[in-house]
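Let's talk through the aromatic rings of this protein together. Have a look at the model first.

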Amino acid sequence: MTRSHSAPQSDAAARALTAIRAVHTALWLFFASSIVGILIAIPLGALQAALWMSLFVWAELGVLLLNRMRCPLTIAAARYTNDRSANFDIWLPNWLARRSRPLFAVLFALSQLWLAAVLLQP
């Protein structure tokens, strides 16, 4: 992870940013693994699990839509640093933080199309 030039932080701001990054990373892992999990669950016939994971991801998408496609944790983290690198608010490599949304959007869309096709089979 690279750190861009940012203003010195107070200890309280640094602790707040660390807490936000930890929560954001944990939630990212949960949603990323849910999307991958849907793609694993469908061929295994675990359709109820695929539906639950889909529901979680749709809820996340709803939160993003309500916040103009910005994660509320990103908004909160921005209060504590001037750094605006792609990974300033999450513990991911910068290259993955930059590409995470389009990558997982495609995977989720494909998973939903596949899940719909399986569920709608006669």
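Here are some questions and answers about its ring contacts. This is a predicted model, in which local features need pLDDT of at least 70, side-chain atom pairs count only at pLDDT 80 or more, and totals for chains, interfaces and linings use all residues. Residues are numbered from 1 along each chain as its sequence is written, and side-chain values use heavy atoms, with hydrogens and water left out.

Q: How many aromatic pairs does a search of the whole structure find?
A: It finds 5. Rings of Phe, Tyr and Trp (its six-membered ring) pair if their centres lie within 6.5 Å; planes under 30 degrees apart count as stacked, over 60 as edge-to-face and the rest as tilted.

Q: What makes Phe30 and Phe31 an edge-to-face pair?
A: Their centres are 5.1 Å apart and their planes meet at 75°, so the pair is edge-to-face.

Q: Why is Phe31 called buried?
A: Its relative accessible area is 16%, and buried means under 20%, exposed over 50% and partly exposed in between (1.4 Å probe, protein chains only). Phe30, at 38%, is therefore partly exposed.

Q: Why is the pair of Trp58 and Phe108 called edge-to-face?
A: The ring centres lie 5.3 Å apart with the planes at 65°, so the pair earns that name.

Q: How do you know whether Trp58 is buried, exposed or partly exposed?
A: Trp58 has a relative accessible area of 47%, so it is partly exposed. Phe108 has 9%, so Phe108 is buried.
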